[in-house]
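Subject: Structure for you to look over

Dear colleague,

I am handing over the structure we spoke about, with the sequence alongside. Please open it first, and then read the notes on what was found in it.

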Amino acid sequence: MISIRLKSVITLGAFCLILWPGPAICNQTGGEFPLNPGSWWKYRDQGGNTEIVSITRTVNVSGIPLVEVIRNGINPGYFLRTREGLYRFDSLPGKKESEPTGFPLPTMVIKFPLEVGQTWSSPWTDPPLSFSVINEDTFTTPAGKFPHTFKIAYRPVSDPIYHGYSWYAPGVGFVAMEENRYRSELISYSISDLLPPDLVEKKIADLLPRLGITANTENPSGRTKRDNSEGSHNSATRFLIPGILLLVFVAVLAWLIKLNRKMDMDSDPTVLRGEIALASAMVREGLYAEAARILQRQTVKNPQWPDVAALLGQAYTHMGRYEDACLELKRALTLNPDMTSARLDLAQVYLASDEPSRALEELDAVLAKNPGFADVLVKRGQAYLALGNTEHAEADAREALDINPSFTEAQELLEEILSS
């Protein structure tokens, strides 16, 4: 049981990612620690199993912004970033059947500022956990080389032996996790341009009552304590508030019909971001045509959003509409020339369209700014091979394998080159 819970902590900790690289970020107080809706990260374990972690939306509970993160489209978790650190919740208030009077208290995933030698504990976790930043070094995964990566160890407070480690790269997030010598590594990722929720200035202890949680630091199991009168009050409130809201809704709806007015939700930024997050999820689930319809509508209303154009380009690519995909991805790069994910997608479109020379131009541009990315090196090797340049193709395949000797795609490319 302890092993499963610890693995859950470190796996869910991988959801907590930041946007721009550089060691200076780790000396700040967390104001630059975004959780952007629409972002995703793909991991692969030693058995070849992959897992996609994605940020779907922001949920406001009593005015407190909780970020929803899911794994492979299921198992949502929720995160809250405050001035003191980043916290994880297993569920929303009242949503977990095993916790009918509330939900488990938070786990502190990261404490600000992050630096070597720093330690912290999460007393509300079951069991209580202790974290320690071991060192800072360059770390390599199939997704590339990441300088200034922090190695973080964790263990139960009562146990002197570390149970697991995570490697955290500022600007990318957790690039690897290991428990009982079983490792999972980052192989690709994409950071959305959508804005994360604002940093919460208050401490977590001040926020728990607003979330309906009575914290007891002497209760390390992470359970909430409430008396019967409070439970009765909450029970009555749960019935009263929905009834009032229903009456208000009916009254407002009748008033709108009477005045023959239509609420225009298209201008609401929350609705816009929600639709984009929905379309992103549809693309991941293979519902490309459905996602394209949403994104086409958003393109007309918000032509200035590069992430909408990039996502629409992805949908068109999967649908085999390469010409349309090329136009949308180029439009995304015109709006944001630094959107690496769009440039990689454009290179993939060129490869699928039998235009390897154009793909090579895009891949060279990516590697010029991001050297050492194994995935990009493999794509460039494929482009070289399509052009008949086996020497450069082999060099790229071998360099990718130097970065990650277990990279299957690089090994397959090298075997194809040698066999030809």
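The notes below go through the nonpolar cores, the aromatic and charged side chains, and the backbone.

Please keep in mind throughout that this is a predicted model.

To begin with the interior, the largest nonpolar core has 51 residues, and the residues with the most contacts inside it are Ala-342 and Ala-400. Once its neighbours within four places in sequence are set aside, Ala-400 is in contact with Ala-374, Leu-377, Val-378, Phe-407 and Ala-410. A second core, separate from that one, has 50 residues, and Ile-64, Tyr-87, Val-172 and Ile-213 are among them. As general background, nonpolar side chains tend to be buried together in soluble globular proteins.

The aromatic side chains come next, with six aromatic pairs found in a search of the whole structure. The rings of Phe-139 and Trp-167 have centres 5.1 Å apart and planes at 20°, so this pair counts as stacked. Phe-139 belongs to strand β8 (residues 129-141) and Trp-167 to strand β10 (residues 164-169), so that the pair links distant parts of the chain, 28 residues apart. Both of these residues, Phe-139 and Trp-167, are buried. Trp-167 also forms an aromatic pair with Tyr-165, this one tilted, with 6.4 Å from centre to centre and 40° between the planes. Trp-167 has a relative accessibility of 8% and counts as buried, whereas Tyr-165, at 24%, is partly exposed. Elsewhere, Trp-120, Phe-131 and Tyr-154 form one aromatic cluster.

Both rings of the tilted pair Tyr-165 and Trp-167 also have a charged side chain over them: Lys-151 lies over the face of Tyr-165, at 4.5 Å from the ring centre, and the charged end of Arg-183 sits over the ring of Trp-167, 4.6 Å from its centre.

Arg-183 leads on to the salt bridges, for which the count comes to 12. Arg-183 forms one with Glu-178, with the closest N and O atoms 2.9 Å apart; Arg-183 is partly exposed at 24% relative accessibility, while Glu-178 is buried at 14%. Glu-362 forms a salt bridge with Arg-343, the closest N and O atoms being 2.8 Å apart. Because Glu-362 lies in helix α9 (residues 356-369) and Arg-343 in helix α8 (residues 340-352), this pair ties together parts that are 19 residues apart in sequence. Glu-362 and Arg-343 are both buried. Through salt bridges that share partners, Glu-178, Arg-183 and Glu-185 are joined into one network.

A further salt bridge is formed by Arg-83 and Glu-201, whose closest N and O atoms are 2.8 Å apart. Arg-83 lies in the loop between β4 (74-81) and β5 (85-89) and Glu-201 in the loop between β12 (182-190) and α2 (204-207), so the pair ties together parts that are 118 residues apart in sequence. Arg-83 is partly exposed, with a relative accessible area of 32%, and Glu-201 is exposed at 53%.

Lastly, there are two backbone positions to inspect. Most residues other than glycine have a negative phi. Ser-62, although not a glycine, has a positive phi of about 55°; Ser-62 is found in the loop between β2 (50-61) and β3 (64-71) and is partly exposed, at 47%. Asp-354 likewise has a positive phi, near 60°, and its place is in the loop between α8 and α9, where it is exposed at 63% relative accessibility.

With best wishes

Conventions:
Residues are numbered from 1 along each chain as its sequence is written. This is a predicted model: local features need pLDDT of at least 70, side-chain atom pairs count only at pLDDT 80 or more; totals for chains, interfaces and linings use all residues. Side-chain values use heavy atoms; hydrogens and water are left out. A nonpolar core is a set of buried Ala, Val, Leu, Ile, Met, Phe, Trp, Tyr and Cys residues joined through side-chain atoms within 4.5 Å. Buried means under 20% relative accessible area, exposed over 50%, partly exposed in between (1.4 Å probe, protein chains only). Contact means heavy atoms within 4.5 Å. A salt bridge is a side-chain nitrogen of Lys or Arg within 4 Å of a carboxyl oxygen of Asp or Glu. Helices (H or I, at least four residues) and strands (E, at least two) are DSSP runs, numbered from the N terminus. Rings of Phe, Tyr and Trp (its six-membered ring) pair if their centres lie within 6.5 Å; planes under 30 degrees apart count as stacked, over 60 as edge-to-face and the rest as tilted. A charge sits over a ring if NZ of Lys or CZ of Arg is within 6 Å of the ring centre and within 35 degrees of the ring normal.
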